[in-house]
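Trainee: Before we discuss this structure, I should like to understand how each term applied to it is justified.
Mentor: Then let us look at it together and set each term against its definition.
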Amino acid sequence: MLKKTPRHGKNGRNGHKAPRVSELPKITIQTDTREILAHAAKEARAEDYFIVDVDAHVTETAFWSEVVDRMDSDVYRQMARAFKDRGPAPGLLNATPGFLHQDVFGRIPHQQRLAEAVPGGRTHAQVTLVQRAMDSMGIDYMVVFPTPMLVLGMHPQVEMEVVIGNAFNKWLAEEILPQDQRIKAMLYLPFNHPEESLKAVERYADNPSVIGYSVTSTRFRAVNHDSYMPLYSAIQATGKPLAFHSGFHWGDQSMQQCNRFISMHSISFVYYNIIHLTNWIINGLPERFPKLKVLWIESGLAWVPFLMQRLDSEYMMRSSEAPLLKRRPSEYIQDMYFTSQPLERSNIDLTEATFKAIKAETQLLFASDWPHWDFDLPNSITTLPFLDEQAKRNILGFNAAKLFKLEVPKHKRLTAKTAKTNVRVPVTA
Amino acid sequence: MDEIAVGRLTDIADGDYRVFALDKIEVGIFRTGTKVLAYENVCPHAGGPVCQGKIFNQVEEIITPDKKSAGLRFGKQRHIVCPWHGYEYDLATGCHPGDPSVRLTPVKVTVRDGQIYVSLPE
């Protein structure tokens, strides 16, 4: 943390005790996560919230050789290793246009790379990085997802998604999750291959650190296809949720109309989840799998009331096209779960209306998306002026604890009545 | 109002900046020639360590007389960029280029006899 190095022996001019002065570093890719998040740590120390971060990320490509070593096929292992001779490129992974635009061309170092020093020894470097972020933000559990693999669903070779997805799951289950019970995962499903996805569910169904399964939304697959029904049945039987984690893809022909990353990213992250959620509802999947809990990740929230109104409106005129529905589409959506990041809050009245529409008090889960450039802190929730204390606590952690059956430490089982609040200046947007 | 000496003007190269943690406040001090400006090291967006970020010149888009885009270039206005999320602020005014109501909190700073003094807010 910050090193207090007194400078200039004679400080102060009015005879008061000399205050301490220490210099703070400029933040680069080498800066320690704890220094980058020092302001967040200050807030966390002043608060006592139980926090589950339902969406944070590991950087799997930083440890790619460990993933490659776990590929089932010796041929694919050889192929991936062959890339090493051509530099650090993560062999076999599909690259997506714009991936390197995310740090706004050097303006946001933690998006570019966490190249800080980590101690050697038994603790895996990735675990150390996650722990530093958790401790700084006051997070009790962190659910980790991959990063470049968020677009693996666009890989032209279906078998490559299977090989890489399975190897990544193995890496997480063997190297990362056992080292800290606070780190959890919703395992990667190679969704372009329904049968292999089913095998992945069965493989990890009893792993307590695997608290659910995820589909990366960036792909061209209809979630209502019959080939997925055995998969959904199996996930429902585990009692663990199914998440759709969105992403962007500038290679998508629609997105190629956007000439700036900001335009493509703003739309693309929402676009895929709009399509999948629409297919999910209109094809009556909530009626077919009434106990399957579904979670939508990293599209923000503003799109949800839009889709609720749009689908309700059309459903009332064309109910014959959605015969499995027994309620309005918006009512099914209100049973679903959503993560908060990136939370739109430039118009606080709209944010409040959105929270009301999606029943945020029971259905919304806090997510940071750390270490990505548009990450949110717990203060994105704690400073919302329209939420009461219990709603804040539910969104920050209790809703997730219930959904994922996570243990809440005794000292954090507070209710709004006993909790102390700490108010800071609201953020602006 | 208390003043704290944080260093000599010559400790900061022309065009450069340094950030200091004092007892109750963190302050970024930016030097241009013999002048200095200071802002609190707190981004009004999410509380990030804005002054510990990088300086970039403002990006401008060149528009031709017939309203076509002729590409991008760096202008003269200098921006400090919050390293948390990329919020940019004009160093001269402390304001966000797209919404001047989102602005850094200025801190009074003076140079006397080559020494930089920060006035602590009450």
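Trainee: Which residue of β4(B) does I29(B) stand opposite?
Mentor: In this predicted model, I29(B) faces A38(B) in β4(B).

Trainee: What makes β3(B) and β4(B) a pair of strands?
Mentor: Two strands pair if at least two bridges are found between them. Strand β3 of chain B, residues 26-32, is joined to strand β4 of chain B, residues 35-40, by 6 bridges, so the requirement of at least two is met. The two strands run antiparallel. Their hairpin has 2 residues between the strands, and G33(B) there takes a positive phi near 65°.

Trainee: How many helices and strands does chain B have?
Mentor: Chain B has 0 helices and 9 strands, and its pattern along the sequence reads β-β-β-β-β-β-β-β-β. The C-alpha trace of chain B spans about 55 × 30 × 20 Å along its principal axes. Of the 122 residues in chain B, 36% are buried.

Trainee: Why are β1 and β8 of chain B said to stand at the edges?
Mentor: The open sheet has 3 strands in the order β1-β9-β8 (chain B), with antiparallel pairing. β1 (3-8) and β8 (109-112) of chain B each have a single partner strand, so one side of each is left without a neighbour in the sheet. From one strand to the next, the twist averages 30°.

Trainee: What joins β8(B) to β9(B)?
Mentor: There are 4 bridges between β8(B) and strand β9 of chain B, residues 115-119, and the strands run antiparallel. Here R112(B) stands opposite Q115(B) in β9(B).

Trainee: How do you know that pairing also takes place between chains A and B?
Mentor: The same test of at least two bridges applies. β1(A) and strand β2 of chain B, residues 17-21, are joined by 3 bridges and run antiparallel, so they count as a pair. S22(A) stands opposite A21(B) in β2(B).

Trainee: How many residues of each chain are in contact with the other?
Mentor: The contacts involve 32 residues of chain A and 28 residues of chain B. On the side of chain A that touches chain B, β1 (22-24) and α2 (38-45) each supply at least two residues. The largest share, 3 residues, comes from β1(A). By class, this side of chain A has 15 nonpolar, 10 polar and 7 charged residues.

Trainee: Why are the buried residues of α8(A) said to line one face of the helix?
Mentor: In helix α8 of chain A, residues 194-204, the buried residues are S197(A), A200(A), V201(A) and Y204(A). Seen down the axis of α8(A), they fall within an arc of 100°, so they line one face. An α-helix has 3.6 residues a turn, so residues three or four places apart point the same way. On the other side of α8(A), E195(A) and E202(A) are exposed.

Trainee: What do the buried residues of α8(A) pack against?
Mentor: They pack against α7, β4 (183-188), β5 (210-216) and α9 (229-238) of chain A.

Trainee: Which residues have the most contacts inside the largest nonpolar core?
Mentor: They are M142(A), V143(A), V144(A), I164(A), L187(A), L365(A) and F366(A), in a core of 141 residues. Helix α7 of chain A, residues 158-176, gives the most to this core, with 9 residues.

Trainee: What is V144(A) in contact with, leaving aside its neighbours within four places in sequence?
Mentor: V144(A) is in contact with A56(A), H57(A), V58(A), V130(A), I183(A) and A185(A).

Note on methods. Residues are numbered from 1 along each chain as its sequence is written. Chains are lettered from A and ligands numbered from 1 in the order in which they are written. This is a predicted model: local features need pLDDT of at least 70, side-chain atom pairs count only at pLDDT 80 or more; totals for chains, interfaces and linings use all residues. A residue is buried if 20 or more other C-beta atoms lie within 10 Å of its own, exposed if 12 or fewer, and partly exposed in between; C-beta atoms are placed from the backbone. A nonpolar core is a set of buried Ala, Val, Leu, Ile, Met, Phe, Trp, Tyr and Cys residues joined through C-beta atoms within 7 Å. Two residues are in contact if their C-beta atoms, placed from the backbone, lie within 7 Å. Ala, Val, Leu, Ile, Met, Phe, Trp, Tyr, Cys and Pro count as nonpolar, Asp, Glu, Lys and Arg as charged, and the others, Gly among them, as polar. The arc is that of the directions from the helix axis to the C-beta atoms. Axes are lines fitted to C-alpha atoms, for helices over the stretch in contact, and angles run from 0 to 180 degrees between N-to-C directions.
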